[in-house]
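Work through these exercises with the structure open beside you. Each task is followed by a solution in steps.

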Amino acid sequence: MKKRIDLEKIIETFLYYTKINTTSVDGSKELPSCKNQYKLAEYVVSQFSDVPEVQTSIKENAIATIHLPANIPDAPSIVFFAHLDTAPDHSTDTHAFRVKKYNGGAIPFAGSVEKLSPQDNPELLNYIGQDIIVTDGTSLLGADDKAAIAAGVEALKYMINTPSFSHGDIRLVLLPDEETGIRGAKALDVGELNSDFGICLDCCEIGEYVVENWYAGSARITVRGVTAHPMSAKGKLVNALCIATEIIAALPEKERPEHTEKREGYYWVHNLHGDTASATLDIAIRDFELTGYKQRKAVLENIVKSINQRWKSERITLVLTDIYENVKPALDKTPAILDNVRQAMRNLGITPKPLIMRGGYDGSVITPKGLPTINIFTGAHNFHSTREFLPVESLRLASEMLLEMVELSVPEVQK
């Protein structure tokens with residue numbers, strides 16, 4: 001097996017990044033939503049400041065680019081993407097610990113009475129004898145997505161320090177606020193990159209790669225009520241909360257997240273607030289097929305239209321917003337990218353595990369902009385959980401994957 005990436009070095013790199021708290025702020029209009037995302041981008045860029053051939057930049061919105069120019073002609077230009085933020089599910093500072101030579105038992109958390117056990121996480125048993133990085137049980141680990149940053153940085157450093165390694169233009173691009181609406185990717189000028197394809201590292205266990213993801217949208221429904229004192233409310237009171245719950249009841253009962261799996265879409269009612277006078281209802285819309293996604297939006301439009309007609313007024317307003325797209329149609333048109341992924345895994349002794357992703361990633365926004373972008377593993381498990389853990393050999397292999405994919409992309413006559 002190839003071992004171009006130094007295990008101890010990539011662990012050190014990753015652990016340092018986890019010490020910078022980059023929790024995104026849900027609902028913030030600022031980009032980045034927290035200043036530490038810019039601080040992390042600044043630090044990563046500084047690691048290349050003394051390399052003459054490398055060009056770097058950081059925009060005010062924390063989008064950072066580290067560009068290693070090609071050392072051969074006619075090789076594809078490739079972008080490594082990673083996001084700077086960690087999910088707002090837990091905002092406390094990360095306290096990461098390295099468990100040496102995991103023995104197959106439960107791992108106690110230093111800051112909690114709970115344990116990371118193979119009974120609840122049977123995949124732990126795949127890593128017996130390996131070192132594993134965990135938290136103290138009170139925070140996210142941040143491997144989503146700082147493991148990706150570490151993998152990209154160490155792959156770039158290897159290429160810089162190994163002049164005989166042939167490559168086209170290589171860029172590492174760091175994006176803010178992926179966790180709160182993929183906002184960094186939406187702000188990215190893909191044309192500036194002038195690249196052939198991209199690689200995100202933003203899915204879980206070793207061997208996983210995304211072959212498709214959701215079409216995703218949101219519906220914000222606003223209900224306008226009429227207030228009245230309850231003692232004389234008959235014929236006068238129009239309760240906005242009751243109308244909102246009527247809308248919820250009109251949705252297909254079995255098409256909710258808790259009833260769906262695999263390629264089944266859903267409506268997710270995830271926020272309702274207000275009072276008698278007014279109420280706001282937020283519904284996430286997800287489907288793997290474009291026709292199904294459009295149909296779900298039409299269902300909501302018809303529900304709103306029907307209730308408005310009954311009230312004989314525009315009491316309810318609906319705003320539909322498209323968030324990201326399924327990458328499958330674009331990736332199907334560029335099969336060489338997925339072939340590259342699978343061959344790179346086989347070369348490294350990794351079993352390819354195609355993943356239908358019930359979620360989105362930066363590439364879900366970048367791909368429709370014209371830059372087909374695959375998503376491969378970081379090696380971590382339990383994203384967005386205090387039980388997040390990262391086998392260190394999987395992290396090293398994530399970085400090796402970048403090198404292998406670059407190497408496979410170079411024309412044979414240039415090698």
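Angles between elements run from 0 to 180 degrees, taken between N-to-C directions, and the axes are lines fitted to C-alpha atoms. The model is predicted.

**Exercise 1. Place the helices on the sheet.**
Task: Find the order of the strands in the four-strand open sheet, then say which strands helix 6 and helix 7 lie across.

Solution.
- Step 1. Read the order: 12-13-11-14, with antiparallel pairing.
- Step 2. Find the edges. Strand 12 and strand 14 each have a single partner strand, so one side of each has no neighbour in the sheet.
- Step 3. Check the turn between neighbouring strands. On average it is 15 degrees, direction ignored.
- Step 4. Look at one pair in detail. Strand 12 and strand 13 run antiparallel and are joined by eight bridges. Val269 stands opposite Ile283 of strand 13.
- Step 5. Add helix 7, residues 290-311. It lies across strand 11, strand 12, strand 13 and strand 14, at about 170 degrees to strand 14.
- Step 6. Add helix 6, residues 240-250. It lies across strand 11, strand 12, strand 13 and strand 14 too, and runs at about 15 degrees to strand 13.

**Exercise 2. Describe the largest pocket.**
Task: Give the volume of the largest pocket, the residues nearest its centre and the make-up of its lining.

Solution.
- Step 1. The volume is about 1600 Å³.
- Step 2. The lining has 45 residues; Glu179, Thr180, Gly181, Trp268 and Arg286 lie nearest the centre.
- Step 3. Trace the elements. Those giving two or more residues include helix 4 (183-187), strand 9 (197-203) and strand 15 (353-357). Strands 11, 12, 13 and 14 are also among them.
- Step 4. Sort by class: 19 nonpolar, eleven polar and 15 charged residues.

**Exercise 3. Describe the second largest pocket.**
Task: Which strand gives the most to the lining of the second largest pocket?

Solution.
- Step 1. Start with the space, about 180 Å³.
- Step 2. Count the lining: 13 residues, with Ser57, Thr65, Arg171, Glu192 and Leu193 nearest the centre.
- Step 3. List the suppliers of at least two residues: strand 1 (55-58), strand 2 (64-68), strand 8 (170-175) and helix 5 (190-193).
- Step 4. Strand 1 gives the most, with three residues.
- Step 5. Sort by class: four nonpolar, five polar and four charged.

**Exercise 4. Find the cavity.**
Task: How many cavities of 30 Å³ or more does a search of the whole structure find?

Solution.
- Step 1. The search finds one.
- Step 2. The volume of the largest cavity is about 60 Å³.
- Step 3. Its lining includes Ile20, His90, Leu140 and Lys146.
- Step 4. By class, the lining has three nonpolar, eight polar and one charged residues.

Methods: Residues are numbered from 1 along each chain as its sequence is written. This is a predicted model: local features need pLDDT of at least 70, side-chain atom pairs count only at pLDDT 80 or more; totals for chains, interfaces and linings use all residues. Side-chain values use heavy atoms; hydrogens and water are left out. On a 1 Å grid over the protein atoms alone, a cavity is a set of points where a 1.4 Å probe fits but cannot get out, and a pocket is an open set with protein on both sides within 12 Å along at least five of seven lines; lining residues have an atom within 4 Å of a point. Grid points are joined across faces, edges and corners, and a volume is the space filled by probe spheres set on the points. Ala, Val, Leu, Ile, Met, Phe, Trp, Tyr, Cys and Pro count as nonpolar, Asp, Glu, Lys and Arg as charged, and the others, Gly among them, as polar. Two strands pair if DSSP finds at least two bridges between them. Contact means heavy atoms within 4.5 Å.
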